[in-house]
Amino acid sequence: MPSLQQAAQALGWHGHVVADVTVLGQQVSAVVGLRADVHRWRVENGWPPEPNPSWFRSWFEPTYYDQIPVPAVDLIGVLVTESKAGRALRSCGTLMTLAPCAVVLPAAQTSDPWPLAELDYYGIGVVAVGIDHEPAVSIRPEDRSSEFGGSLFGRWLLELLYHRVVTEVLTSPR
């Protein structure tokens, strides 16, 4: 199966692929862009990534902090790998409130138009993958996150992804 990086590139999502992130009880991959200026500021001012949700909640207690750091990553999109098109809506349903969501499916699962029409209706993208060819975008995902607004969970997820980028991507040898 082609890499998730290839699926992200097919969608035009340029950034770091952070694989195996558990979001709302589900394993997904996130495509994130590092905001280099914010990362630099946070390093210089002692605001490292903080993935601990209990510590993060304290940011919203006015007795502890009068300011919180700006997110150092942007969530470009979420990739979910599924074996059947019928599972895709359940897999992406809640995640599409955070960022565009696309399901990566075997090419054979993209021939039935009904599940694809349903995914298209909800704005969920589809990337078809096959053994012998590059990933192909069957449906472009829509960004509907602005319809739902920000949330404490979404902000914590950005912090978790920032932690993963710092520890896995920026510190790994090239």
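**Exercise 1. Locate the salt bridge between E159 and R155 and describe its setting.**

Solution. Begin with the elements: E159 and R155 both belong to helix 7 (residues 152-169), where they stand four residues apart, about one turn of the helix; helices here are DSSP runs of H or I with at least four residues, strands are runs of E with at least two, and both are numbered from the N terminus. The model is a predicted one, in which local features need pLDDT of at least 70 and side-chain atom pairs count only at pLDDT 80 or more, while totals for chains, interfaces and linings use all residues. Residues are numbered from 1 along each chain as its sequence is written, and side-chain values use heavy atoms, with hydrogens and water left out.

Next, take the contact itself: the closest N and O atoms of E159 and R155 are 2.9 Å apart, which satisfies the definition of a salt bridge (a side-chain nitrogen of Lys or Arg within 4 Å of a carboxyl oxygen of Asp or Glu). Finally, consider exposure: E159 and R155 are both buried, where buried means under 20% relative accessible area, exposed over 50%, and partly exposed in between, with a 1.4 Å probe and protein chains only.

**Exercise 2. Determine how R164 and E168 are placed in helix 7, and which network arises from shared salt-bridge partners.**

Solution. R164 and E168 are four residues apart in helix 7, so about one helical turn separates them. Their closest N and O atoms lie 2.4 Å apart, forming a salt bridge. R164 is buried at a relative accessible area of 16%, whereas E168, at 39%, is partly exposed. Salt bridges with shared partners join R42, R155 and E159 into one network.

**Exercise 3. Compare the exposure of R144 with that of E142.**

Solution. The side chains of R144 and E142 form a salt bridge, with 3.1 Å from N to O. R144 counts as buried because its relative accessibility is 18%, while E142 counts as partly exposed because its value is 34%. The structure holds four salt bridges.

**Exercise 4. Describe the lining of the largest pocket.**

Solution. The lining comprises 17 residues, of which T97, L98, G150, G154 and L158 lie nearest the pocket centre; a pocket is an open set of points on a 1 Å grid over the protein atoms alone, where a 1.4 Å probe fits, with protein on both sides within 12 Å along at least five of seven lines, and lining residues have an atom within 4 Å of a point. Strand 3 (73-81), helix 6 (145-148) and helix 7 are the elements giving two or more residues to this lining, and helix 7 gives the most, with five.
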